[in-house]
Amino acid sequence: MFWTVRRILLPIALLALIAGAAHAAGDLTMRFIDDIADGDYDVSCTIVLEGKGELRVGFDATESGDVSWFSVANGQASLHRLSAGVETRVGKNVRVNTKGPALFTLQRRADRVCAIIGDQVTLDVPWDGPAGGQVGVSSDGRYIAGKPSIQPVDPPFVTDDFTREAAAMGDWRTSGGSFENTMIAAPGAQATMSANPFSLHVEAEDGAFASTGYWFWDSYRVGLSVRPAKAPTVELRAWVQNDANYLALRWQKGHEKLAGARKIVLVRDGVERVLAKAPGGFEPGEWYRLELQVTPGRVVGLIDREPMLTAKTDAFGQGAVGLALTSGDAYFDDLLVAPPDYREGPPRINPVFLADPVMIAEEVFVPSGFWRTGDAAGQYWHWGEFFADARAIIPIEQLAGDGLGVLLRSDGQAADGYRVDLAAADGQLAVGLARNGAAVASESVAMPSEQPVTVEVAGGSIEVSQDGRPLWGHTDPEPLTGHMVALLDAPADVVNTVSVLSDHFQDYVFEKSPTDWFAGKGEWTVTSRWPCSPDWTFYGGAGDENPLTWTKHSYRGDMVLEWFGAIESDNIDRIRYLRPSDINATICGDGQSLSSGYSFIFAGWHNTKAAILRNGEVVAETADVILSDPNARDLSSHRGWLRMRIEKFGNHIGWYYEKKLLLEYTDPNPLPEGRIGLWSFHNEPIAGRVRIWYSDERPPSVVRKPDVRWTQLAPTERPADAPEILDDFEQGIGEWQPRDATTPVLLERDTKVAASGGASLRITNQEDGGPFTVEAVTTPFSIENWPELSFDYRLSPGTRVSLYLLIDRKWHAVALTGEQTAWDKVPVIGEIADASADGQWHHAQIDLLAGLHAVNPSLSNATVSQIVFSPPWESYALCGIGGNAFGTSYWIDNFRIGPAE
């Protein structure tokens, strides 16, 4: 057990001694200590409330005789102030029910005073005037106040990414279970060359918890990323006193509508009370961001940046932070403890990335990559589109001399928008404002520090601040609506020092766990991009022919997506890339199918063209720009990044490659909203950096994969002396089975749908795209003896499959509805004429031997060892584009291979 708040156990003799001193005082004369408080501080002392009496805790006492104090008199608590000889009570009296000894804490902050008795907030009132001065106590009757102490308090700010040795817990205190800092699993990776190398792995059989921080932390936000593995619940704690006293945001595994899965709980002396709850369990294996925002009297729980739960409580009012598991295991990362109004700045970027010549040249991580030069000297335009708000953060040294101008809400012309001119000298900041070129205001204001200056616009409000403190402001009754930001009359190095942020902008370099993203297909993690140099690691996907990651949030209205993408090198037999192609993205998607939204396929169709697709249909394409040969001796393509930019303004879609317009499309019926997806095909995509500017962000969620039903039908062995293959599915299913036990393809005997007789075989796809492959024949046969293939088929709309025969260890195709391509390199030995996926029964018949001889006349004594139904391996149907959506079914009946009839 560990303690993070001082718990007071006063011996009887000590109580008597204090009581004697209190009775001796009698007249409530304040006994001051020598220490002097300055700025924000806490006063703490032991108190005893028995019978009747009064005690006072004084604070902010000055040499002039002014003093303020907290009083408890005969069970009533109040706050008082003596100023210029006049005493006033501040706020209302509050009943105190505490009896006996307790720890008392008075929190003196710049704008409030909060009094806590034991573990309960007694008073919390606004307070003006400067904080600081002497503190003291007085007491009378059976009320006792011990000697006070002063605890200076700064706003809490702690971060922890768990980058350290496995067993080194830093400032964390742990209990139960096991705790280990774990590095990413990519072989050969180095922490110094990784986007996000470490996380904390916690395992427990019967509970595990950890805590960090100080007892006097009062108002703060604490955030922690978590990826539950086998843990049934995960927990983020605030105001931790010890392992039996705390507040917690507790989340349970389960269905997205599971009642009460999200809770804010108050635990006092081990007894739990639910303060707020909401439905929705978590999906194991995904990263989430948990956050608690606590101020005395109020707590807010957030998940993935979205407020989910709110509660009021008078408990604790101060304490450390923590995490906990009941059992199982989970990974934690990216602790942040900060003031409640803290706004995160630009992401932290690995210094190695900032020093790499290729990444510098391609502007992946350097600040200058956000800017482009304008028409005039000293004019720099930001690449962002700031639809709602924008704030420029400018180092004070950039404002020396003549300073510079910050242009906000511009339509793209230097004379449009709000121009805020700033110049700093001798502790003063000269501020000038012009609206569309017309002067509005000018003023010189004092600067309290040498911290960067922030210029912000939100609605019609323009504000200049420093270190979170407003310096100057102006409100426009008719706000401008432009989206662009520029720097004017600025020095040349300004683009490396000025950041422009927004509450409607997300910038991902994946130095933190990807809590805003979820895996649609494959596994997405920090991984190596170059097997020849595995020490470099970035965020990427693998483990599927179509690795796909989606944003948890949906974006509505206008938006811009900009990303630096690549594919992982194969590095096989000195060939860097077996299929250099497909660095792709989707916007306005549904989070499940790539046939939804607008998709942008670069170097697609075997690196032959780029195209924009709307709901799976090509609406614009070009063959003018493809991937240069990354297998050439020139390493620029191998090491480089592709810079993609997608703009959606109204019904116009623009796609830029390396800052040049690649394709555009005007949609007469524009898609209103959806998620962003990053993906590839036959490759493993890597995301170096992703930027999203948006007009509206919708609440987050993980799109759950539907439950899979597995095939329960056992295959039937074919007799060696069988005269033919004939599967009519009246009794069994022959040799038919899913190609792979892990492929979510369901085979069922359908006794309600048949071409003839009483049953057929129904094959159903249980994912969007995917292999959708079944084996029809697994026992070899001679094609010369059995040359004829016939079957009845019924294909639901969108079914894209063909037959594939493994003949003498080489695949051959019989085309059905699957689209064959030249780069398939699979010879077609037959085609089912007029094949249609119309939901109706059709009959197919083909001479396999004749087809085989047509493509290979010299082949004889050929043996077919397998026959499968599958989408073509080079078809985007494997991605769910153009067919084979979730739930697609087709039926086969009277499947026959044998002698010609």
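Reader: Are Trp-215 and Phe-216 buried or exposed?

Author: Keep in mind that this is a predicted model. Here, buried means under 20% relative accessible area. Trp-215 falls in that class, and for Phe-216 the answer is also buried.

Reader: And what kind of aromatic pair do Trp-215 and Phe-216 make?

Author: A pair of aromatic rings is described by the distance of the centres and the angle of the planes. For Trp-215 and Phe-216, the centres lie 5.5 Å apart and the planes meet at 90°. Planes over 60 degrees apart count as edge-to-face, so this pair is edge-to-face.

Reader: What kind of pair do the rings of Phe-602 and Tyr-657 form, then?

Author: Their centres are 4.6 Å apart, with the planes at 35°. Stacked needs under 30 degrees and edge-to-face needs over 60. That angle fits neither class, so the pair is tilted.

Reader: How many residues apart in sequence are the parts that Phe-602 and Tyr-657 tie together?

Author: Look at the strands. Phe-602 belongs to strand E45 (residues 598–603), while Tyr-657 belongs to strand E49 (residues 652–657). Phe-602 is buried too, at a relative accessible area of 0%. The pair therefore ties together parts separated in sequence by 55 residues.

Reader: Which residue in E24 is the bridge partner of Leu-236?

Author: Start with the sheet: seven strands in the order E12-E15-E24-E17-E18-E19-E20, open and paired antiparallel. Within it, strand E17 (residues 233–242) and strand E24 (residues 320–325) run antiparallel and are joined by six bridges. In E24, the partner of Leu-236 is Leu-323.

Reader: Which residues touch the most other members of the largest nonpolar core?

Author: In soluble globular proteins, nonpolar side chains tend to be buried together. The largest nonpolar core here has 64 residues. One of its top residues, Phe-332, contacts residues that include Phe-162, Trp-287 and Leu-323, leaving aside neighbours within four places in sequence. The residues touching the most other members are Tyr-220, Val-222, Val-234, Leu-323 and Phe-332.

Reader: Which strands stand at the edges of the sheet E35-E34-E33-E28-E37?

Author: This is an open sheet of five strands with antiparallel pairing. An edge strand has a single partner strand, so one side is left without a neighbour in the sheet. That picks out strand E35 (469–475) and strand E37 (499–501).

Reader: Which residue in E37 stands opposite Arg-391?

Author: Strand E28 (residues 389–394) pairs with E37 in the antiparallel sense, over three bridges. Opposite Arg-391, in E37, stands Leu-501.

Technical notes
Residues numbered from 1 in each chain as written. Predicted model: local features only at pLDDT ≥ 70, side-chain atom pairs only at ≥ 80, totals over all residues. Heavy atoms only, no water. Core = buried A, V, L, I, M, F, W, Y, C linked by side-chain atoms within 4.5 Å. Buried < 20%, exposed > 50% of the residue type's maximum accessible area, 1.4 Å probe, protein only. Contact = heavy atoms within 4.5 Å. Pairing = 2+ DSSP bridges. Helix = DSSP H or I, 4+ residues; strand = E, 2+ residues; numbered from the N terminus. Phe/Tyr/Trp six-rings, centres within 6.5 Å; stacked < 30°, edge-to-face > 60°.
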